[in-house]
Amino acid sequence: MADDYLVRIGKLIRDARQHRGWTQSQLAEALGTSQSAVNRIERGNQNISLEMIARIGEALDSEIVSLGYAGPMHLRVVGGRRLSGSIDVKTSKNACVALLCATLLNKGRTVLRRVARIEEVYRLLEVLGSIGVRTRWINDGVDLEIVPPSELDMEAIDAEAARRTRSIIMFLGPLLHRMDTFRLPYAGGCDLGTRTIEPHMIALRRFGLDIAATEGLYHAQVDRAVSPGRPIVLTERGDTVTENALLAAARHDGVTVIRNASSNYMVQDLCFFLEALGVRVEGVGTTTLTVHGVPNIDVDVDYSPSEDPVEAMSLLAAAVVTESELTVRRVPIEFLEIELAVLEEMGLDHDRTPEYFADNGRTRLVDLTVRPSKLEAPIDKIHPMPFPGLNIDNVPFFAAIAASAQGKTLIHDWVYDNRAIYLTDLNRLGGRLQLLDPHRVLVEGPTRWRAAEMMCPPALRPAVVVLLAMMAADGTSVLRNVYVINRGYEDLAERLNSIGAQIETFRDI
């Protein structure tokens, strides 16, 4: 029992430290102790006095322990309010996690600008820290500095943190260049049904990587004699599959051609980052990438990931369902053009500014102003396609938008096994969604949203869709256990409040 409490207290201290933007070393310095002692405390492997808890709380300006155990975070939403003003789109969650994995290619210092402060990033930072990578938030916690060790300690990997993120799968590409054998915990993440790693294996075997999966671990072995002698054809045009192939090709001594590659936003950001490392990548934005690998990468690099088109879509959907006039700034228009074309056909009233470049100098941005509109259901079904089609992660937002439109809309989410099922949670809030099969849902609008109390769906985008519907519903709603939202959005409730929402975070006593 005592050990259980130590683990709980350790997690609270770790979360408070990360919220402050401190590394374990910075906390250790403030306490006058060692980084290893802080590491033991956060893992629950060291007895800790009330005096030390108080000192840690004072250093982090956080109440570490109060009466009762701080359980899951919930949201209390007072709906029926109009949004107004303007809001900036944050940097891409999916790009940031790929770039964090890509820093393992580099022996030098990497600085990533305006990194998303989200749970998915925190989990990867825990994993990187556990294997010896030094990371710290700089410039008032806005940017992230990453400095790798000369040798990674894979035996010390934080398995619990690794299992809470599917992004850990992207360690395979960089690690196969650093060691002949290693182990990784199984990948986790959202509950979106069966998602095998076989497409990754098909690509990475061409670089000599062989994986045996036993007892919750991937056991990896690398045959240095194996090299891709012909183009790699991906069996799935997936984002993480393409990124893993890129990461493997980046330090391969030769030219690697990757066909049927994803050209989505996070893949393009990874390509731009690889170019900053000195790796030449031809065909960025197309389905054929030619990578001129660099066997040894040792450079100090500074890179700014671009803005997140899925967060931009979330904010646009928030304006639509709450019938608000809202300006969403720094929208990566190249990755939302299809969505906006569909919304225009549905009757969306909006303006956009001339295009300008993101801080990476490559991604095209605009500012969008959305106004209250009388929407009609689209004639054709809503379905995702690989870029430049309608983004897979933007499909769920059309459930809330379609519920606000006149008529019936068919949404076909063919990629994931469970996600369409989670969209029917909107029925608890007054929606009229009929599940036709695990991938298709028929949405009838318009909807008179009503308040409700419910558990958060276990998938990121459907969870946010439920939150948006609660914002549109008159009365007070409660969304319980919102960890999955924090995995992909930074301070979402606080930011929505800044434009007129009324959302309170709370925990059970």
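Tutor: In this predicted model, the count comes to three cavities of 30 Å³ or more, and the largest cavity has a volume of about 40 Å³.

Student: How do you know where the largest cavity lies with respect to domain 2 and domain 3?

Tutor: Its lining includes K90, T91, D308 and E311, and because domain 2 (71-89 + 306-505) and domain 3 (91-301) both give residues to that lining, the largest cavity lies between them.

Student: What makes R113 and D302 a salt bridge?

Tutor: The cut-off asks for a side-chain nitrogen of Lys or Arg within 4 Å of a carboxyl oxygen of Asp or Glu, and the closest N and O atoms of R113 and D302 are 2.3 Å apart, so the pair is called a salt bridge. R113 lies in the loop between β3 (110-112) and α6 (119-130), while D302 lies in strand β13 (residues 301-303), so the pair ties together parts that are 189 residues apart in sequence.

Student: Why is R113 called partly exposed?

Tutor: Buried means under 20% relative accessible area and exposed means over 50%, so R113, at 24%, falls in between and counts as partly exposed. D302, with a relative accessible area of 44%, is partly exposed by that reasoning.

Student: E145 and R136 also meet in a salt bridge; what makes E145 buried or exposed?

Tutor: E145 has a relative accessible area of 5%, which is under 20%, and therefore E145 is buried. Its partner R136, at 33% relative accessibility, counts as partly exposed because this value lies between the two cut-offs.

Key
Residues are numbered from 1 along each chain as its sequence is written. This is a predicted model: local features need pLDDT of at least 70, side-chain atom pairs count only at pLDDT 80 or more; totals for chains, interfaces and linings use all residues. Side-chain values use heavy atoms; hydrogens and water are left out. On a 1 Å grid over the protein atoms alone, a cavity is a set of points where a 1.4 Å probe fits but cannot get out, and a pocket is an open set with protein on both sides within 12 Å along at least five of seven lines; lining residues have an atom within 4 Å of a point. Grid points are joined across faces, edges and corners, and a volume is the space filled by probe spheres set on the points. Domain bounds come from an automatic or database domain assignment. Helices (H or I, at least four residues) and strands (E, at least two) are DSSP runs, numbered from the N terminus. Buried means under 20% relative accessible area, exposed over 50%, partly exposed in between (1.4 Å probe, protein chains only).
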